[in-house]
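Work through the exercises below with the sequence and the 3D view side by side. Each task is followed by a solution that goes step by step.

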Amino acid sequence: MSHVIVAPDKFKGSLTAPQVAAAVARGLREAVPDLDVRCLPVADGGDGTVDAAVAAGFVKVGRWVTGPVGKPVPASFAVRGTTAVVEVAAAAGLTLLDRPAPLDATSHGVGELLKAALDTGCTTIVLGLGGSACTDGGAGMLEALGGASFDGVDLVLASDVDNPLLGPTGAAAVYGPQKGASPDQVEILEARLAAFASRLGLEHADRPGAGAAGGIGFAALAVLGARFRPGIEVVLELVGFAEAVGEASLVITGEGSLDAQTRHGKAPFGVVRASGDVPVVAVAGQCSVEPGDLGLKAAYALLDIEPDVTRCMAQAEPLLAGIGGRIARDWVSE
């Protein structure tokens, strides 16, 4: 009997990774009722990293923290044993804003979440760096930590980007506009980051990942002794993918858009690389690349079934279930 792993990332703006996995698994089981299906939703270090950990057996811990513009927001992190998973997006995410605040958004709540994780006694903390609203270099995070000690703690920065802090490929220039910053505001943010870096140690500004999450990566590397790793690799370890894939005959991955960026740190490409000789197919909202270029055997896009984007996003779950059935017929021998 075939053993199938369903390991997608979220469909941004539509479904969480666990929802995507559940919909595909439902379609697979409807087509082949006794099929052995294991759902291992994943993430690349951005929003959804805590969801992936919880789906893999971590316990969700809730806290009220300072949001990106100072208002209290409910947030959560995940704990299993002495390992915690924290994501920047939970406390300082773009999705928490009613309107952009490129000059004012703070990472203060991220520090509060990290301190909460320390207080649980965790000695390994994974910090997912995606989805931030702030470009404060991690200053707010450090302020909230208030000198809390990370001695003996392995702080792992998980991200799908490895940008430096400053310059044309840095936090302000590349990601400031995505957070609502005008060209003049980008210059202001760059000057702030440069001044902050000169105080904490410019030698850390060029380290891979220093520019991630508006410079939170820089502060964590320079002050907290963190180390940087590709987010999908960290998450695959957290969810036990290597152990699971050894018994698999097929892996199904996916994300909202399979495109030219997928090769650069995104979850589906990481799943392909971690799957070895096991064939991998993908589900997606849309696909604008040749599946083979990503190491995929095939890709199944929702827009190929429902070309209206609004309806496609609204009906993503039943559409994915239908695709799960197609994958079962195409790739699973009963």
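Two strands count as paired if DSSP finds at least two bridges between them. Keep in mind throughout that this is a predicted model.

**Exercise 1. Describe the overall build of the protein chain, from its elements to its extent.**

Step 1. Begin with the secondary structure, where the protein chain has 13 helices and 11 strands.

Step 2. Next, judge the compactness: the radius of gyration is 20 Å, close to the 20 Å that the globule rule gives for 334 residues, and therefore the protein chain is as compact as a globular protein of that length.

Step 3. Then consider the outline, for which the C-alpha atoms fill a box of roughly 65 × 45 × 35 Å along the principal axes.

Step 4. Finally, look at the division into domains: domain 1 is made of 3-40 + 245-331, while domain 2 covers 49-231, and the C-alpha centres of domain 1 and domain 2 lie 29 Å apart.

**Exercise 2. State what share of the residues is buried, and what supplies the exposed area.**

Step 1. A residue is called buried when its relative accessible area is under 20%, and by this cut-off buried residues make up 56% of the 334 residues in the protein chain.

Step 2. The protein chain exposes about 13,700 Å², of which carbon and sulfur atoms supply 50%.

Step 3. For the contacts, take those between residues at least 6 apart in sequence; among these, 72% join residues at least 24 apart.

**Exercise 3. Work out the order of the strands in the open sheet of 6 strands, and find its edges.**

Step 1. The order is S3-S4-S5-S6-S7-S8, and the pairing is mixed.

Step 2. The edge strands are S3 (59-66) and S8 (227-230), each of which pairs on one side only.

Step 3. Neighbouring strands of this sheet are turned by 30° against each other on average, with direction ignored.

**Exercise 4. Follow the pairing of S3 with S4, of S4 with S5, and of S7 with S8.**

Step 1. S3 and S4 run antiparallel and are joined by 8 bridges, with tryptophan 64 having proline 74 in S4 as its bridge partner. The hairpin of S3 and S4 has 5 residues between the strands, and in this hairpin glycine 70 takes a positive phi near 95°.

Step 2. S4 and S5 are also paired in the antiparallel sense, over 3 bridges, and arginine 80 stands opposite threonine 83 in S5. In their hairpin, with 2 residues between the strands, glycine 81 takes a positive phi near 65°.

Step 3. At the S8 edge, S7 (residues 154-159) and S8 run parallel and are joined by 4 bridges; here leucine 157 has phenylalanine 228 in S8 as its bridge partner.

**Exercise 5. Locate H4 and H8 against the strands, and explain why H8 is described as largely enclosed.**

Step 1. H4 (residues 108-119) packs on the sheet, where it touches S3, S4, S5, S6 and S7, and its direction makes about 140° with that of S3.

Step 2. H8 (residues 216-223) lies across S6, S7 and S8, and runs at about 155° to S7.

Step 3. Of the 8 residues of H8, 7 are buried, so H8 is largely enclosed by the rest of the structure. The buried residues of H8 include Ile216, Phe218 and Leu221.

Step 4. Just after H8, glycine 225 takes a positive phi of about 70°.

Note on methods
Residues numbered from 1 in each chain as written. Predicted model: local features only at pLDDT ≥ 70, side-chain atom pairs only at ≥ 80, totals over all residues. Heavy atoms only, no water. Axes fitted to C-alpha atoms, helices over the stretch in contact; angles between N-to-C directions. Contact = heavy atoms within 4.5 Å. Rg over C-alpha atoms; globule rule 2.2 N^0.38 Å. Buried < 20%, exposed > 50% of the residue type's maximum accessible area, 1.4 Å probe, protein only. Areas by Shrake-Rupley, 256 points an atom, 1.4 Å probe, with all protein chains shown as cover. Domains from an automatic or database assignment.
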